[in-house]
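Open the model in your viewer and keep the selection panel at hand. The stops below give what to select and what is there.

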Amino acid sequence: MKVIILAAGEGSRLRPLTKDKPKCMVEYKGKPIIDYILETIDRCNLKDISIVGGYKFEILKKHLGNKELIYYKNTEYHSSNMVYSLFSAKEFMDDDLIISYSDIVYEESVLKKLIGATSDLNIVIDKEWKELWDQRMENPLDDAETLKLTDNKISEIGKKPNSFNDIEGQYIGLIKISKNIIKDVVSFYESLPTDKLYDNKDFNNMYMTSFLQLLIDNSYDAVPTFIDGGWIEVDCISDLNTNFVNKQ
């Protein structure tokens with residue numbers, strides 16, 4: 001099993017903390033986010049790890065020192081998004097694959113649940129998301145995204161909700177794709193038209209949730225791996241004051 005960590009972003013909402021370092025190196029409770037992630041991965045005995053960098057990439061590599069990691073660079077990091085970063089490492093994708101955002105901190109129990117998931121496309125979904133969002137903002141609906149289930153599979157993800165009824169959980173930025181379909185997923189991405197918009201974003205700036213929805217709409221079964229807290233997201237400075245909600 002392999003791991004790709006998507007770490008190309010600047011984190012403009014975390015300025016000035018990201019003036020001289022990438023978003024993933026911002027400290028949460030005294031430690032860089034990327035250190036938490038790598039320590040959790042190590043405790044789960046995953047060793048084949050790659051990092052896709054971009055903004056301040058040399059600073060990130062210097063920070064990581066002599067760790068046994070494979071590096072890829074999203075050279076278009078200033079004008080692209082997560083999906084583009086992911087497929088910058090497509091040559092690495094030849095086994096069961098964990099995909100992790102680099103602006104999240106998650107407990108070992110969360111990653112172990114995903115490792116143990118057995119479907120071809122597994123997406124970590126937090127059922128206790130609202131308690132975390134209540135810490136982060138006055139109105140969680142302003143930031144949360146839709147997550148709808150049909151027959152225990154995800155049928156809609158990443159849209160703007162009209163009410164809390166549209167949110168049966170929240171995607172946290174962790175995915176597992178099995179080796180059974182990984183090459184097909186790469187081919188599917190490469191087959192997408194590059195001159196159209198995806199949820200009002202151009203091809204290079206496609207959101208990960210938009211890509212997941214495309215897979216769902218094209219007969220890929222997206223199966224939720226449910227958690228009850230055990231993680232946080234660091235997207236703006238106020239998030240540095242949030243605490244884990246853990247009801248697992």
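**Stop 1: a buried salt bridge**

K23 has a relative accessibility of 12%, so K23 counts as buried (buried is under 20% relative accessible area, exposed over 50%, partly exposed in between, with a 1.4 Å probe and protein chains only). This is a predicted model, in which local features need pLDDT of at least 70 and side-chain atom pairs count only at pLDDT 80 or more, while totals for chains, interfaces and linings use all residues. Residues are numbered from 1 along each chain as its sequence is written, and side-chain values use heavy atoms, with hydrogens and water left out.

Add D235 to the selection: K23 forms a salt bridge with D235, with 2.9 Å between the closest N and O atoms. A salt bridge here is a side-chain nitrogen of Lys or Arg within 4 Å of a carboxyl oxygen of Asp or Glu. K23 lies in the loop between β1 and β2 and D235 in the segment after β13 (231-233), so the pair ties together parts 212 residues apart in sequence. Helices (H or I, at least four residues) and strands (E, at least two) are DSSP runs, numbered from the N terminus. D235 is also buried, at 14% relative accessibility. Now add R13 and D103, which are linked with K23 and D235 in a network of salt bridges.

While in this region, select R15 and P16: the peptide bond from R15 to P16 is cis, with omega near 10°. P16 lies in the loop between β1 (2-7) and β2 (27-28).

**Stop 2: helices α6 and α7**

Select residues 182-191 (α6) and 208-217 (α7); these helices pack at about 105°, with their axes 12 Å apart. Axes are lines fitted to C-alpha atoms, for helices over the stretch in contact, and angles run from 0 to 180 degrees between N-to-C directions. α6 and α7 are therefore roughly perpendicular (65 to 115 degrees). V185, F188 and Y189 of α6 meet F211, L214 and L215 of α7, where contact means heavy atoms within 4.5 Å.

Next, color α7 by burial: nine of its ten residues are buried. Which members of the largest nonpolar core touch the most other members? They are M208 and F211, out of 85 residues. A nonpolar core is a set of buried Ala, Val, Leu, Ile, Met, Phe, Trp, Tyr and Cys residues joined through side-chain atoms within 4.5 Å. Center on F211: leaving aside neighbours within four places in sequence, F211 is in contact with V83, F87, V185, F188, Y189, L192 and M206.

**Stop 3: two more salt bridges**

Select K90 and E190, whose side chains meet in a salt bridge (2.5 Å, N to O). K90 is in the loop between α3 (82-87) and β6 (97-101), and E190 is in helix α6, 100 residues apart. K90 is partly exposed at 39% relative accessible area, and E190 is partly exposed at 47%.

Then select D221 and K153, a salt bridge at 3.1 Å, N to O. D221 is in the loop between α7 and β12 (223-227), and K153 is in strand β10, 68 residues away.

**Stop 4: positive phi**

Select N45, in the loop between α1 and β4 (48-53). N45 is not a glycine, yet its phi is positive, about 60°. N45 is exposed, with a relative accessible area of 59%.

Finish at N152, in the loop between β9 (147-150) and β10 (153-157). N152, also not a glycine, has a positive phi of about 65° and is exposed at 67% relative accessibility.

Key: Parallel < 35°, antiparallel > 145°, perpendicular 65-115°, else oblique.
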